Amino acid sequence: MATSTETPTPSGTTVDPERLEAAVGHVFGELGVNCTAPLVVLGDRLGLFRALAGAGPLTPVALADRTGLVERYVREWLRGVAVAGYLDYDPAADTFTLTDAYAAVLADDESPTALIGVFPGLTALWADLDRIEGFFRTGGGMGWGEHHPALGLAQERFTRPAYVHGLIAAWIPAVEGIVPRLEAGAEVADIGCGHGLSSILIAQRWPRTTVTGFDPDDSAVAHARAAAAEAGLDGRAAFEVADAAGFPGHGYDLVTFTDSLHDMGDPVAAAAHARAALAPGGAVLVVEPLAADRFADDFANPYARVGYAISTLVCTPSSLAQTGAAALGTMAGEARLREVLAAGGFTRVRRVAEDSAPLNILLEARP
């Protein structure tokens with residue numbers, strides 16, 4: 001019989017009160033995190049984080065004056081974001097401060113540590129939840145283009161800092177011998193290009209190089225074409241609707257899979273096609289999220305929590321909607337990625353630029 005300090009559970013067993021208190025505290029804390037996310041989105045949309053950045057301590061009235069917003073709402077927002085730990089609070093002066101460290105994460109899209117772009121995409125995860133629930137019951141999946149449009153926009157915005165400061169500045173240059181080819185004028189295929197951000201950045205950085213981005217989603221390709229035109233790239237960044245295992249062209253000096261190989265229904269076929277499309281001496285660069293080879297080791301991985309959530313809600317459904325349905329998942333890990341590349345005909349695979357990619361696995365592959 002349960003004592004007065006024990007709590008019965010639905011299974012009829014009892015739970016140690018300290019363990020129960022810890023479980024309640026953990027879950028309630030998670031509830032707080034989720035409830036704060038819309039406040040973060042409002043802070044971004046309304047320019048509140050940007051107004052706080054570099055301003056030092058501000059009262060609610062001062063911040064409302066800076067932003068032209070209603071003070072009562074601003075005051076409540078400040079309090080909510082402060083108790084979440086994003087702002088410093090001085091009770092004596094009733095002022096709130098966004099530190100430089102948090103400003104680099106929340107107020108500046110050009111910062112290499114910017115994460116603010118992720119939050120608006122949470123709208124898509126909730127909006128599509130009923131469909132994902134159905135897949136749990138019946139199987140099947142959905143492509144990126146079938147998701148709420150907030151998802152693609154958030155992906156583009158979130159990855160921009162990583163691609164500017166990583167892909168362009170360090171990751172592609174880590175591929176042996178590729179920079180001289182890009183500077184002289186290379187042909188690049190960007191597979192699973194989405195909104196075309198990576199393709200556009202490559203074309204901007206190496207103006208003699210021509211980049212063609214391929215993606216199966218018509219709407220993503222249309223977005224990419226518009227973005228390339230706005231950037232004034234004059235055809236040096238072109239985009240086509242095509243599957244990864246059948247994209248046109250050959251003689252590519254570089255083929256990139258930027259956070260896309262795990263989304264594909266048949267990643268082995270995609271790798272094999274990329275190999276066949278390479279020019280002599282060409283290379284493939286695979287950019288994938290950081291994941292351990294053993295799930296047990298991912299508990300120490302700072303990216304794992306986000307990665308497994310996105311994998312369940314977006315990336316695994318993407319693969320299961322396609323022919324092959326390999327469903328590597330976002331967290332495939334280096335060993336599994338090497339297996340895919342080997343099965344696709346690559347005999348030389350090496351990990352590159354580890355110091356500049358704390359949340360990614362970068363693999364250079366050659367025939």
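**Figure 1. Glutamate 71 and its salt-bridge partner.** Glutamate 71 is partly exposed, with a relative accessible area of 24%. Here buried means under 20% relative accessible area, exposed means over 50%, and partly exposed is in between (1.4 Å probe, protein chains only). The model is predicted: local features need pLDDT of at least 70 and side-chain atom pairs count only at pLDDT 80 or more, while totals for chains, interfaces and linings use all residues. Side-chain values use heavy atoms, with hydrogens and water left out, and residues are numbered from 1 along each chain as its sequence is written. The side chain of glutamate 71 meets that of arginine 75 in a salt bridge of 3.0 Å, N to O. A salt bridge is a side-chain nitrogen of Lys or Arg within 4 Å of a carboxyl oxygen of Asp or Glu. Side chains of opposite charge can pair when their charged atoms come close. Glutamate 71 and arginine 75 are 4 residues apart in helix H4, so about one helical turn separates them. Helices (H or I, at least four residues) and strands (E, at least two) are DSSP runs, numbered from the N terminus. Arginine 75 is also partly exposed, and its relative accessible area is 24%.

**Figure 2. A salt bridge in helix H7, between glutamate 133 and arginine 137.** The closest N and O atoms of the two residues are 2.9 Å apart. Helix H7 covers residues 129-138, and because glutamate 133 and arginine 137 are 4 residues apart in it, about one helical turn lies between them. Glutamate 133 is partly exposed, with a relative accessible area of 40%. Arginine 137 counts as exposed, at 66% relative accessibility.

**Figure 3. A salt bridge in helix H14, between glutamate 339 and arginine 336.** In this pair the closest N and O atoms are 3.2 Å apart. Both residues lie in helix H14 (residues 334-343), 3 residues apart, which is about one turn of the helix. Glutamate 339 is partly exposed at 48% relative accessibility, and arginine 336 is partly exposed with a relative accessible area of 36%. Elsewhere, Asp44, Arg50, Asp109 and Arg157 are joined into one network by salt bridges that share partners. The structure holds 16 salt bridges.

**Figure 4. Aromatic pairs, including phenylalanine 49 with tryptophan 77.** A search of the whole structure finds 7 aromatic pairs. Rings of Phe, Tyr and Trp (its six-membered ring) pair if their centres lie within 6.5 Å; planes under 30 degrees apart count as stacked, over 60 as edge-to-face and the rest as tilted. Phenylalanine 49 and tryptophan 77 are edge-to-face, with 5.2 Å from centre to centre and 65° between the planes. Phenylalanine 49 lies in helix H2 (residues 48-52) and tryptophan 77 in helix H4 (residues 71-83), so the pair ties together parts 28 residues apart in sequence. Both residues are buried. Phe214, Phe247 and Tyr252 form one aromatic cluster.

**Figure 5. Alanine 327 and alanine 353, each with a positive phi.** Most residues other than glycine have a negative phi. Alanine 327 is not a glycine, yet its phi is positive, about 50°. Alanine 327 is found in the loop between helix H13 (304-320) and H14, and counts as partly exposed at 26% relative accessibility. Alanine 353 has a positive phi of about 50° although it is not a glycine. Alanine 353 is placed in the loop between strand E10 (348-351) and strand E11 (360-366).
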